[in-house]
Amino acid sequence: MWFINREEELKRLKEGLLRGESFVLTAPRRFGKTTLIKRVFEELRDAYKVFYIDLMPYSGDEEALMEYMLEVFYKGMGLAGTVKKMVGGISLRARVVFEELGIEIDLSGKKSSPLVRMSKVLEIPQIISEKENRRVVVAYDEFGELYKAQELVKLFRSVIQHHKGVSYIFSGSQESIMEKVFLSKDGAFFRFGTLVELGALNLGEVLKFAENTLSLLPHAITFLQWLEGHPYYTSRYLQKLNTGKDALESFEELLSEEMNYVELLVEKAKVTKHAIEVLRAIARGENPYKKLNIKSQMVTKVLEKLRLNGLLRRRERGKYEITDPILKGYLSGELNP
Ligand SMILES: Nc1ncnc2c1ncn2[C@@H]1O[C@H](COP(=O)(O)OP(=O)(O)OP(=O)(O)O)[C@@H](O)[C@H]1O
Ligand SMILES: [Mg+2]
(Lines give C-alpha, C1' and ligand atoms only; values in the text may rest on other atoms or scores of the structure.)
(Ligands and ions follow the chains in the order given, each with its own letter.)
Protein backbone atom coordinates (compact mmCIF):
# COMPACT_ATOMS: atom_id res chain seq x y z
CA MET A 1 0.00 0.00 0.00
CA TRP A 2 1.14 3.51 -0.76
CA PHE A 3 1.77 6.01 1.94
CA ILE A 4 1.71 9.61 0.79
CA ASN A 5 2.56 12.80 2.62
CA ARG A 6 1.93 13.07 6.39
CA GLU A 7 5.62 13.52 7.13
CA GLU A 8 4.87 16.32 9.53
CA GLU A 9 2.22 14.39 11.43
CA LEU A 10 4.40 11.28 11.55
CA LYS A 11 7.26 13.26 13.02
CA ARG A 12 5.05 14.98 15.56
CA LEU A 13 3.49 11.76 16.73
CA LYS A 14 6.72 9.80 16.87
CA GLU A 15 8.67 12.44 18.73
CA GLY A 16 5.80 13.18 21.07
CA LEU A 17 5.20 9.54 21.90
CA LEU A 18 8.92 9.13 22.60
CA ARG A 19 8.62 11.94 25.13
CA GLY A 20 5.63 10.26 26.74
CA GLU A 21 3.08 12.62 25.26
CA SER A 22 -0.44 11.43 24.39
CA PHE A 23 -2.40 12.46 21.31
CA VAL A 24 -5.92 13.05 20.13
CA LEU A 25 -6.24 12.44 16.40
CA THR A 26 -9.31 13.67 14.58
CA ALA A 27 -10.36 13.64 10.94
CA PRO A 28 -13.44 12.94 8.85
CA ARG A 29 -14.14 9.41 7.69
CA ARG A 30 -11.60 7.95 5.25
CA PHE A 31 -9.01 10.63 5.90
CA GLY A 32 -6.30 8.23 6.98
CA LYS A 33 -6.41 8.10 10.77
CA THR A 34 -6.00 4.35 10.91
CA THR A 35 -3.37 4.40 8.18
CA LEU A 36 -1.35 6.99 10.09
CA ILE A 37 -1.58 5.13 13.39
CA LYS A 38 -0.49 1.88 11.76
CA ARG A 39 2.41 3.68 10.14
CA VAL A 40 3.52 5.23 13.41
CA PHE A 41 3.28 1.84 15.06
CA GLU A 42 5.40 0.19 12.40
CA GLU A 43 8.11 2.71 13.03
CA LEU A 44 7.92 2.46 16.81
CA ARG A 45 7.52 -1.28 17.06
CA ASP A 46 11.17 -1.99 17.78
CA ALA A 47 11.52 0.46 20.61
CA TYR A 48 8.06 0.12 22.12
CA LYS A 49 5.28 -2.25 22.86
CA VAL A 50 2.38 -1.05 20.74
CA PHE A 51 -1.26 -2.03 20.98
CA TYR A 52 -3.95 -1.04 18.52
CA ILE A 53 -7.55 -1.20 19.72
CA ASP A 54 -10.39 -0.49 17.32
CA LEU A 55 -13.53 0.63 19.13
CA MET A 56 -15.61 0.79 15.95
CA PRO A 57 -17.43 -2.48 16.66
CA TYR A 58 -18.39 -1.40 20.20
CA SER A 59 -22.12 -1.70 20.47
CA GLY A 60 -22.65 -1.26 24.18
CA ASP A 61 -21.53 -4.78 25.05
CA GLU A 62 -18.85 -4.30 27.68
CA GLU A 63 -18.09 -7.99 28.03
CA ALA A 64 -17.32 -8.26 24.33
CA LEU A 65 -15.16 -5.15 24.51
CA MET A 66 -13.15 -6.51 27.42
CA GLU A 67 -12.66 -9.80 25.70
CA TYR A 68 -11.45 -8.06 22.56
CA MET A 69 -9.08 -5.82 24.50
CA LEU A 70 -7.61 -8.76 26.35
CA GLU A 71 -7.10 -10.50 23.07
CA VAL A 72 -5.24 -7.49 21.67
CA PHE A 73 -3.05 -7.32 24.75
CA TYR A 74 -2.09 -10.93 24.81
CA LYS A 75 -1.65 -11.19 21.07
CA GLY A 76 0.62 -8.18 21.30
CA MET A 77 2.57 -10.05 23.94
CA GLY A 78 3.02 -12.93 21.55
CA LEU A 79 0.98 -15.20 23.77
CA ALA A 80 -1.98 -15.83 21.52
CA GLY A 81 -1.02 -19.31 20.42
CA THR A 82 -0.55 -20.72 23.87
CA VAL A 83 -3.65 -19.17 25.28
CA LYS A 84 -5.97 -20.14 22.46
CA LYS A 85 -4.96 -23.76 22.70
CA MET A 86 -5.40 -24.02 26.39
CA VAL A 87 -8.64 -22.36 27.31
CA GLY A 88 -11.99 -20.93 26.32
CA GLY A 89 -13.82 -18.36 28.43
CA ILE A 90 -12.67 -14.87 29.15
CA SER A 91 -11.71 -15.20 32.78
CA LEU A 92 -9.67 -18.31 32.20
CA ARG A 93 -7.92 -16.82 29.21
CA ALA A 94 -7.16 -13.70 31.13
CA ARG A 95 -5.74 -15.67 34.01
CA VAL A 96 -3.38 -17.51 31.72
CA VAL A 97 -2.19 -14.26 30.20
CA PHE A 98 -1.48 -12.79 33.56
CA GLU A 99 0.23 -15.89 34.81
CA GLU A 100 2.53 -15.80 31.82
CA LEU A 101 3.29 -12.20 32.63
CA GLY A 102 3.75 -12.93 36.26
CA ILE A 103 0.97 -10.51 37.04
CA GLU A 104 -1.43 -11.25 39.83
CA ILE A 105 -4.78 -9.83 39.02
CA ASP A 106 -7.86 -11.88 39.50
CA LEU A 107 -10.08 -10.98 36.63
CA SER A 108 -12.30 -13.95 37.14
CA GLY A 109 -15.47 -13.86 39.14
CA LYS A 110 -18.15 -12.17 37.15
CA LYS A 111 -19.54 -11.17 40.51
CA SER A 112 -17.68 -7.91 40.28
CA SER A 113 -19.26 -5.29 38.04
CA PRO A 114 -18.18 -4.86 34.42
CA LEU A 115 -16.72 -1.45 35.26
CA VAL A 116 -14.53 -2.90 37.98
CA ARG A 117 -13.30 -5.61 35.66
CA MET A 118 -12.84 -3.11 32.85
CA SER A 119 -10.67 -0.96 35.06
CA LYS A 120 -8.39 -3.97 35.51
CA VAL A 121 -8.20 -4.54 31.79
CA LEU A 122 -7.32 -0.89 31.31
CA GLU A 123 -4.41 -1.29 33.74
CA ILE A 124 -2.75 -3.97 31.66
CA PRO A 125 -0.65 -1.66 29.43
CA GLN A 126 0.83 0.04 32.49
CA ILE A 127 1.55 -3.33 34.11
CA ILE A 128 3.23 -4.54 30.93
CA SER A 129 5.33 -1.41 30.83
CA GLU A 130 6.48 -1.98 34.41
CA LYS A 131 7.14 -5.69 33.97
CA GLU A 132 9.04 -5.30 30.74
CA ASN A 133 10.61 -2.05 31.73
CA ARG A 134 9.82 -0.31 28.48
CA ARG A 135 7.37 2.22 27.19
CA VAL A 136 4.03 1.14 25.84
CA VAL A 137 1.86 2.93 23.28
CA VAL A 138 -1.83 2.19 23.05
CA ALA A 139 -4.07 3.52 20.27
CA TYR A 140 -7.81 3.60 20.79
CA ASP A 141 -9.17 4.08 17.28
CA GLU A 142 -12.73 5.40 16.82
CA PHE A 143 -12.88 6.49 20.43
CA GLY A 144 -16.05 8.46 19.65
CA GLU A 145 -17.91 5.16 19.67
CA LEU A 146 -17.61 5.15 23.44
CA TYR A 147 -19.38 8.47 23.70
CA LYS A 148 -22.74 6.85 24.26
CA ALA A 149 -21.27 5.16 27.31
CA GLN A 150 -20.27 8.15 29.40
CA GLU A 151 -19.45 5.99 32.42
CA LEU A 152 -16.95 4.09 30.37
CA VAL A 153 -15.33 7.26 29.04
CA LYS A 154 -14.89 8.51 32.60
CA LEU A 155 -13.51 5.18 33.68
CA PHE A 156 -10.97 5.24 30.86
CA ARG A 157 -9.84 8.65 31.97
CA SER A 158 -9.61 7.84 35.65
CA VAL A 159 -7.55 4.71 35.08
CA ILE A 160 -5.37 5.93 32.25
CA GLN A 161 -4.33 9.23 33.79
CA HIS A 162 -2.08 7.45 36.29
CA HIS A 163 -0.14 5.56 33.66
CA LYS A 164 3.44 6.77 33.65
CA GLY A 165 4.77 4.16 31.28
CA VAL A 166 2.11 4.42 28.59
CA SER A 167 1.40 6.96 25.86
CA TYR A 168 -2.01 7.01 24.28
CA ILE A 169 -3.45 7.89 20.91
CA PHE A 170 -7.18 8.48 20.80
CA SER A 171 -8.61 8.82 17.36
CA GLY A 172 -12.08 9.55 16.14
CA SER A 173 -14.11 10.54 13.11
CA GLN A 174 -17.03 12.32 14.65
CA GLU A 175 -15.01 15.38 15.23
CA SER A 176 -17.54 17.23 17.30
CA ILE A 177 -17.85 14.32 19.69
CA MET A 178 -14.10 14.19 19.99
CA GLU A 179 -14.20 17.90 20.77
CA LYS A 180 -16.73 17.37 23.52
CA VAL A 181 -14.66 14.66 25.15
CA PHE A 182 -11.20 16.15 24.71
CA LEU A 183 -11.52 19.89 24.23
CA SER A 184 -14.48 21.04 26.22
CA LYS A 185 -13.84 22.03 29.82
CA ASP A 186 -16.31 19.51 31.17
CA GLY A 187 -15.17 16.76 28.83
CA ALA A 188 -13.79 13.69 30.57
CA PHE A 189 -10.46 13.99 28.74
CA PHE A 190 -10.04 17.75 28.83
CA ARG A 191 -6.38 18.60 28.22
CA PHE A 192 -5.36 14.96 28.18
CA GLY A 193 -3.38 14.96 24.98
CA THR A 194 -2.16 17.05 22.08
CA LEU A 195 -4.73 17.55 19.36
CA VAL A 196 -3.77 16.56 15.83
CA GLU A 197 -6.38 17.37 13.21
CA LEU A 198 -5.70 15.46 10.03
CA GLY A 199 -6.48 17.40 6.91
CA ALA A 200 -6.50 16.31 3.31
CA LEU A 201 -3.27 15.16 1.71
CA ASN A 202 -1.11 17.99 0.50
CA LEU A 203 -1.79 18.32 -3.22
CA GLY A 204 1.82 19.11 -4.06
CA GLU A 205 2.91 15.94 -2.26
CA VAL A 206 0.26 13.92 -4.06
CA LEU A 207 1.43 15.17 -7.45
CA LYS A 208 5.06 14.61 -6.56
CA PHE A 209 4.28 11.08 -5.48
CA ALA A 210 2.23 10.44 -8.60
CA GLU A 211 4.96 11.75 -10.87
CA ASN A 212 7.56 9.55 -9.22
CA THR A 213 5.41 6.45 -9.20
CA LEU A 214 3.39 6.73 -12.38
CA SER A 215 3.91 8.64 -15.56
CA LEU A 216 1.38 11.30 -14.87
CA LEU A 217 -0.63 12.87 -17.65
CA PRO A 218 -1.79 16.50 -17.42
CA HIS A 219 -5.35 15.26 -17.52
CA ALA A 220 -4.87 13.18 -14.42
CA ILE A 221 -3.56 16.20 -12.57
CA THR A 222 -6.86 17.97 -13.14
CA PHE A 223 -8.76 15.07 -11.62
CA LEU A 224 -6.37 14.82 -8.70
CA GLN A 225 -6.91 18.51 -8.04
CA TRP A 226 -10.65 17.96 -8.15
CA LEU A 227 -10.29 15.24 -5.51
CA GLU A 228 -8.72 17.86 -3.21
CA GLY A 229 -6.26 15.47 -1.62
CA HIS A 230 -9.04 13.39 -0.10
CA PRO A 231 -6.89 10.48 1.08
CA TYR A 232 -9.19 7.60 0.24
CA TYR A 233 -10.34 8.85 -3.16
CA THR A 234 -6.88 10.02 -4.11
CA SER A 235 -5.32 6.69 -3.33
CA ARG A 236 -8.09 4.80 -5.16
CA TYR A 237 -7.66 7.03 -8.16
CA LEU A 238 -3.89 6.58 -8.24
CA GLN A 239 -4.30 2.84 -7.99
CA LYS A 240 -6.55 2.88 -11.04
CA LEU A 241 -4.05 4.95 -13.01
CA ASN A 242 -1.41 2.49 -11.95
CA THR A 243 -3.25 -0.37 -13.62
CA GLY A 244 -2.88 1.51 -16.90
CA LYS A 245 -6.36 2.99 -17.20
CA ASP A 246 -6.42 6.51 -18.57
CA ALA A 247 -7.24 9.59 -16.54
CA LEU A 248 -10.90 9.92 -17.46
CA GLU A 249 -11.67 6.24 -17.36
CA SER A 250 -10.14 5.98 -13.89
CA PHE A 251 -12.14 8.95 -12.70
CA GLU A 252 -15.43 7.68 -14.06
CA GLU A 253 -14.82 4.29 -12.55
CA LEU A 254 -14.09 5.87 -9.19
CA LEU A 255 -17.29 7.90 -9.35
CA SER A 256 -19.45 4.96 -10.26
CA GLU A 257 -17.93 2.87 -7.48
CA GLU A 258 -18.38 5.56 -4.86
CA MET A 259 -21.80 6.87 -5.84
CA ASN A 260 -23.65 4.45 -3.57
CA TYR A 261 -21.65 5.62 -0.61
CA VAL A 262 -22.25 9.26 -1.47
CA GLU A 263 -25.97 8.72 -1.91
CA LEU A 264 -26.01 7.10 1.48
CA LEU A 265 -24.42 10.23 2.93
CA VAL A 266 -27.16 12.29 1.28
CA GLU A 267 -29.87 10.03 2.71
CA LYS A 268 -28.37 10.38 6.17
CA ALA A 269 -28.20 14.14 5.84
CA LYS A 270 -31.84 14.32 4.76
CA VAL A 271 -32.92 13.26 8.24
CA THR A 272 -32.06 16.79 9.35
CA LYS A 273 -34.49 19.40 8.08
CA HIS A 274 -32.91 21.91 5.67
CA ALA A 275 -29.63 19.99 5.69
CA ILE A 276 -29.57 19.43 1.94
CA GLU A 277 -30.25 23.09 1.16
CA VAL A 278 -27.46 24.16 3.48
CA LEU A 279 -25.08 21.58 2.04
CA ARG A 280 -25.96 22.63 -1.52
CA ALA A 281 -25.23 26.24 -0.76
CA ILE A 282 -21.85 25.35 0.71
CA ALA A 283 -21.10 23.02 -2.20
CA ARG A 284 -21.64 25.96 -4.54
CA GLY A 285 -19.47 28.22 -2.46
CA GLU A 286 -22.41 30.31 -1.27
CA ASN A 287 -23.06 31.63 2.19
CA PRO A 288 -26.03 29.67 3.60
CA TYR A 289 -26.96 32.54 5.93
CA LYS A 290 -27.33 34.96 3.07
CA LYS A 291 -28.38 32.73 0.25
CA LEU A 292 -31.14 30.71 1.88
CA ASN A 293 -34.50 31.71 3.13
CA ILE A 294 -33.96 30.01 6.46
CA LYS A 295 -33.73 31.65 9.87
CA SER A 296 -30.12 32.13 10.80
CA GLN A 297 -30.59 30.32 14.10
CA MET A 298 -31.79 27.36 12.11
CA VAL A 299 -28.83 27.53 9.74
CA THR A 300 -26.48 27.51 12.72
CA LYS A 301 -28.21 24.45 14.11
CA VAL A 302 -28.03 22.61 10.83
CA LEU A 303 -24.36 23.49 10.37
CA GLU A 304 -23.56 22.15 13.81
CA LYS A 305 -25.46 18.96 13.13
CA LEU A 306 -23.66 18.41 9.84
CA ARG A 307 -20.37 19.00 11.54
CA LEU A 308 -21.31 16.48 14.18
CA ASN A 309 -21.99 14.00 11.39
CA GLY A 310 -18.61 14.73 9.88
CA LEU A 311 -20.03 15.97 6.58
CA LEU A 312 -18.79 19.48 7.21
CA ARG A 313 -15.60 20.81 8.60
CA ARG A 314 -15.08 24.30 9.92
CA ARG A 315 -12.11 25.96 8.32
CA GLU A 316 -12.24 29.22 10.18
CA ARG A 317 -14.95 31.09 12.03
CA GLY A 318 -18.17 30.78 10.14
CA LYS A 319 -16.53 29.15 7.14
CA TYR A 320 -17.47 25.57 6.41
CA GLU A 321 -16.45 23.10 3.77
CA ILE A 322 -17.72 19.74 2.64
CA THR A 323 -15.26 17.04 3.59
CA ASP A 324 -16.08 14.69 0.74
CA PRO A 325 -15.29 16.09 -2.75
CA ILE A 326 -17.57 13.63 -4.54
CA LEU A 327 -20.45 14.59 -2.26
CA LYS A 328 -19.62 18.20 -2.98
CA GLY A 329 -19.66 17.62 -6.73
CA TYR A 330 -22.89 15.68 -6.45
CA LEU A 331 -24.62 18.46 -4.50
CA SER A 332 -23.32 21.36 -6.53
CA GLY A 333 -24.67 19.71 -9.64
CA GLU A 334 -21.25 19.43 -11.21
CA LEU A 335 -21.43 15.66 -11.46
CA ASN A 336 -24.97 15.17 -12.70
CA PRO A 337 -26.02 18.05 -14.89
N1 LIG B 1 -1.19 8.88 3.78
C2 LIG B 1 -1.87 8.12 2.91
N3 LIG B 1 -1.31 7.76 1.73
C4 LIG B 1 -1.97 7.02 0.85
N5 LIG B 1 -3.21 6.55 1.03
C6 LIG B 1 -3.82 6.86 2.17
C7 LIG B 1 -3.21 7.66 3.18
N8 LIG B 1 -4.06 7.82 4.17
C9 LIG B 1 -5.16 7.15 3.83
N10 LIG B 1 -5.03 6.57 2.64
C11 LIG B 1 -6.03 5.78 1.92
O12 LIG B 1 -7.31 6.10 2.39
C13 LIG B 1 -7.99 4.95 2.86
C14 LIG B 1 -8.72 5.30 4.12
O15 LIG B 1 -7.77 5.49 5.15
P16 LIG B 1 -8.05 5.05 6.64
O17 LIG B 1 -8.83 3.82 6.69
O18 LIG B 1 -6.74 5.11 7.32
O19 LIG B 1 -8.92 6.28 7.08
P20 LIG B 1 -9.72 6.50 8.44
O21 LIG B 1 -9.66 7.96 8.70
O22 LIG B 1 -9.21 5.59 9.46
O23 LIG B 1 -11.18 6.11 7.96
P24 LIG B 1 -12.42 5.55 8.79
O25 LIG B 1 -13.04 6.73 9.43
O26 LIG B 1 -13.28 4.98 7.72
O27 LIG B 1 -11.90 4.55 9.75
C28 LIG B 1 -6.94 3.88 3.05
O29 LIG B 1 -7.42 2.64 2.63
C30 LIG B 1 -5.82 4.31 2.15
O31 LIG B 1 -5.95 3.66 0.92
MG1 LIG C 1 -10.16 4.18 10.61
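How many helices and strands does the chain have? There are 16 helices and seven strands. Bear in mind that this is a predicted model. Now for some exercises.

**Exercise 1.** Work out which parts of the chain line the site of ligand 1.

*Solution.* Start with the residues: 17 of them surround ligand 1, and G32, T34, T35, P231 and S235 are the closest. Next, map them onto elements; α2 (33–44) and α11 (231–242) are the ones that give two or more residues to this shell. Then zoom out to domains: domain 1 (7–197) and domain 2 (203–266) each supply at least three residues of the shell. Finally, sort by class, and you get seven nonpolar, six polar and four charged residues.

**Exercise 2.** Check whether the length of α11 agrees with what its residue count predicts.

*Solution.* Take the twelve residues of α11 and allow 1.5 Å a residue, counting one less than the number of residues. That gives an expected span of 16 Å. The end C-alpha atoms of α11 are 16 Å apart, so the two values agree. Just past the helix, G244 has a positive phi of about 100°.

**Exercise 3.** Find the buried residues of α11 and say what covers them.

*Solution.* For burial, look for 20 or more other C-beta atoms within 10 Å of a residue's own. In α11 the buried residues are P231, Y233, T234, S235, Y237, L238, K240 and L241. Their cover includes α9 (203–213), α10 (218–226), α12 (247–270) and α16 (325–332). For the chain as a whole, 36% of the 337 residues are buried.

How values were computed. Residues numbered from 1 in each chain as written. Chains lettered and ligands numbered in written order. Predicted model: local features only at pLDDT ≥ 70, side-chain atom pairs only at ≥ 80, totals over all residues. Near = placed C-beta within 6 Å. Helix = DSSP H or I, 4+ residues; strand = E, 2+ residues; numbered from the N terminus. Nonpolar A, V, L, I, M, F, W, Y, C, P; charged D, E, K, R; others polar. Domains from an automatic or database assignment. Buried ≥ 20, exposed ≤ 12 C-beta atoms within 10 Å, placed from the backbone. Contact = placed C-beta atoms within 7 Å.
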